[in-house]
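Got your viewer open and a selection box ready? Let's walk through this one stop by stop.

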Amino acid sequence: MRTIVVCCISAALALTAGATNETIRMPATPSLSPDGSQLAFEWRGDIWIAASTGGVARPLTSHPAAESRPAFSPDGRELAFLSERDDAWQVYVAPAAGGLPERLTSHTEGYLSVRWFPDGRSVLVHADQDGR
């Protein structure tokens, strides 16, 4: 698995950002789709998606708040990610093809990571206890 991630990060470095044709440098928190065809990543505070072979990336999110840690659902149709839209890091899900994200959580301390259960019906999150 480590070899795949290293290859994906290298492929992401050869990406350009949509209409601006700007070279994407230093993408973070990559997530490979289950079929290996797409790569989601964080760049400049938004979530982007591109072909895993490189090329032009498109933004999945475009929001003034920071967004991070995309995770493809097991069927590849949705992406869960963290967003600071509501002060603390909350979990959102959006269609991988694009569309409005849906907020799933409301924890005052926020979340640190998000992953999918294998059945694709639930997400697993890591959070700190309030006040600790």
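Here is a tour that goes from the whole chain to a few side chains. Keep in mind that this is a predicted model.

**Stop 1: the whole chain.** Show the chain as a cartoon and colour it from the N terminus. You should find one helix and twelve strands, with the helix coming ahead of the strands. Of the 132 residues, 39% are buried. Switch on the surface and you are looking at about 7,600 Å² of exposed area, with 52% of it supplied by carbon and sulfur atoms.

**Stop 2: an open sheet.** Now pick out S7, S8, S9 and S10, which form an open antiparallel sheet in that order. Strand S7 (67–72) and strand S10 (102–103) are the edges; each has a single partner strand, so one side of each has no neighbour in the sheet. Zoom in on S8 and S9: seven bridges join these antiparallel strands. To see one of the pairings, select Ala80 and look across to Val93, its bridge partner in S9.

**Stop 3: Phe81 and Tyr92.** Stay on the two strands and show these side chains as sticks. The ring centres are 5.9 Å apart and the planes are at 15°, so this pair counts as stacked. Phe81 belongs to strand S8 and Tyr92 to strand S9, so the pair ties together parts eleven residues apart in sequence. Are these two buried or exposed? Phe81 is buried at 0% relative accessible area, and Tyr92 is buried too, at 5%. Add Arg85 to the selection: its charged end sits over the ring of Tyr92, 5.2 Å from the ring centre.

**Stop 4: the largest nonpolar core.** Widen the selection to Ala40, Ile47, Ile49, Leu60, Phe72, Leu79, Phe81, Tyr92, Ala94 and Ala96, the ten residues of the largest nonpolar core. Strands S5 (46–51), S8 (78–86) and S9 (88–95) each give two or more residues to this core. Centre on Ile49 and list its contacts beyond four places in sequence; among them are Ala40, Leu60, Leu79 and Ala96.

**Stop 5: the second core.** A separate core has nine residues, including Ile24, Trp43, Trp48 and Ala50. Show the two tryptophans as sticks. How do the rings of Trp43 and Trp48 meet? They are edge-to-face, 5.3 Å centre to centre with 75° between the planes. Trp43 is buried at 6% relative accessibility, and Trp48 is buried with a relative accessible area of 11%. The count of aromatic pairs comes to two, and you have now visited this one and the stacked Phe81 and Tyr92.

Terms used
Residues are numbered from 1 along each chain as its sequence is written. This is a predicted model: local features need pLDDT of at least 70, side-chain atom pairs count only at pLDDT 80 or more; totals for chains, interfaces and linings use all residues. Side-chain values use heavy atoms; hydrogens and water are left out. A nonpolar core is a set of buried Ala, Val, Leu, Ile, Met, Phe, Trp, Tyr and Cys residues joined through side-chain atoms within 4.5 Å. Buried means under 20% relative accessible area, exposed over 50%, partly exposed in between (1.4 Å probe, protein chains only). Helices (H or I, at least four residues) and strands (E, at least two) are DSSP runs, numbered from the N terminus. Contact means heavy atoms within 4.5 Å. Accessible areas come from the Shrake-Rupley method with a 1.4 Å probe; for residues, only the protein chains shown count as cover. Two strands pair if DSSP finds at least two bridges between them. Rings of Phe, Tyr and Trp (its six-membered ring) pair if their centres lie within 6.5 Å; planes under 30 degrees apart count as stacked, over 60 as edge-to-face and the rest as tilted. A charge sits over a ring if NZ of Lys or CZ of Arg is within 6 Å of the ring centre and within 35 degrees of the ring normal.
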